[in-house]
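Some labels in a structure description rest on a stated criterion. How each label was earned is the topic here.

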Amino acid sequence: MGSVVQNDNNGAFPAASGARGVVALLALAAIVSGCAQGGASGGGAESGVAGGTPAPGQQVADPAALPAHALSLYAAHLRAEALARAAAARHWGLREVPLAAPLPPVRKPRITTREGFEVEDHEELDLPPLFTTVPTRQKVVFLTIDDGAEKDPAFLKMMKELRIPYTAFLSDYVVKDDYAYFRKMQKFGVTLNNHTLHHPYLPALSYTRQKREICGMQRVLREQYGRRPALFRPPFGNYDRDTLVAAKTCGVKYVPLWNEEVFVDHWEYREGDQDLHPGDIVLSHFRGRGEWKGTMPDMVRRFLNKVTEKGYAVARLEDYL
Ligand SMILES: [Zn+2]
């Protein structure tokens, strides 16, 4: 198993090596290239340092290349990190400690539209790709969470303590009563992406109204969170050519759909083999007891128990795009 270091962008590092030590280690981690993938990864050769500090939950670097002083700090940090992770897994009732994600590929995979998902003139118009799986040999899956109705503080705490990356797709009509909730996840490194203003069935709308839904949400996200995202997911996964033309006009680069959906009490699969695959995008929702028989942490527990049991780590979707 390789070594693990975490991104400190949530400010939640274990105190073992002190703030300055951690900064030094992260700087080292960022410059040391590594391909020491653990058992969870099948894609060692395509991995390395991507030119920045690692994202939450990410595995890093070849520790043999570190100077002795840094190495001992790094080892102390790793011990604290592993202990914190194991304690968090116990605390949140997971069956096993989640696997740390491998480093994302240095060369990003070429994302293309899944066969059968294209619209007319998709390539000619250079419309954003629709995909359900990211091409990778690494044993990773990506967690994406939609809408935004449920704003459970326990969910934020759980994901932060376990260092599990995820990607949010927000619809304004359910998030606008508490924009601040999502600001907290943004601080942890989660990107907040476009899921329209009012969550309509887009193919029923004119081009102009579709554009208003998508560009309008881009504007809200920029005003509230300072960034116009590159990712958009159409409500219910339904779209037509106008949707993609409008999305492109609004600055969208990718349209990730999903290959599995996890609920609080079951999974649903797109593929006949009813299984996870490397690079699969998993969908879930910000829902609570009002909408399903459990809490957000209950859903995450179901998600992580299966993912870990199958030997997958959870990686950050944006690191592969
Ligand atoms: Zn939705």
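The questions below concern a predicted model and take its core and one of its strands in turn.

Q: Why is the largest nonpolar core said to lie between domain 1 and domain 2?
A: Domain 1 (1–107) and domain 2 (130–320) both give residues to this core, so it lies between them. The core has 59 residues, and Val 282 and Val 314 have the most contacts inside it.

Q: Which helix gives the most to this core?
A: Helix H8 (residues 296–309) does, with 6 residues.

Q: What makes Val 282 a contact of Leu 143?
A: A contact requires C-beta atoms, placed from the backbone, within 7 Å. Leu 143 is listed among the residues that Val 282 touches, along with Val 141, Trp 258 and Phe 303, among others. Leu 143 in strand S2 also stands opposite Val 282 in strand S8.

Q: Why is strand S2 called mostly covered?
A: A residue counts as buried if 20 or more other C-beta atoms lie within 10 Å of its own. In S2 (residues 140–147), 8 of 8 residues are buried, hence the label.

Q: How do you know that S2 pairs with S8 and with S3?
A: Pairing needs at least two bridges. S2 and S8 (residues 280–285) have 6 bridges, in the parallel sense. S2 and S3 (residues 167–170) have 4, also parallel, with Thr 144 opposite Thr 167.

Q: What makes S9 a partner of S2?
A: With at least two bridges required, the 3 bridges to S9 (residues 313–315) suffice, and the strands run parallel. Val 140 stands opposite Ala 313 there.

Technical notes
Residues numbered from 1 in each chain as written. Predicted model: local features only at pLDDT ≥ 70, side-chain atom pairs only at ≥ 80, totals over all residues. Core = buried A, V, L, I, M, F, W, Y, C linked by C-beta atoms within 7 Å. Buried ≥ 20, exposed ≤ 12 C-beta atoms within 10 Å, placed from the backbone. Helix = DSSP H or I, 4+ residues; strand = E, 2+ residues; numbered from the N terminus. Domains from an automatic or database assignment. Contact = placed C-beta atoms within 7 Å. Lists of a residue's contacts leave out its neighbours within four places in sequence.
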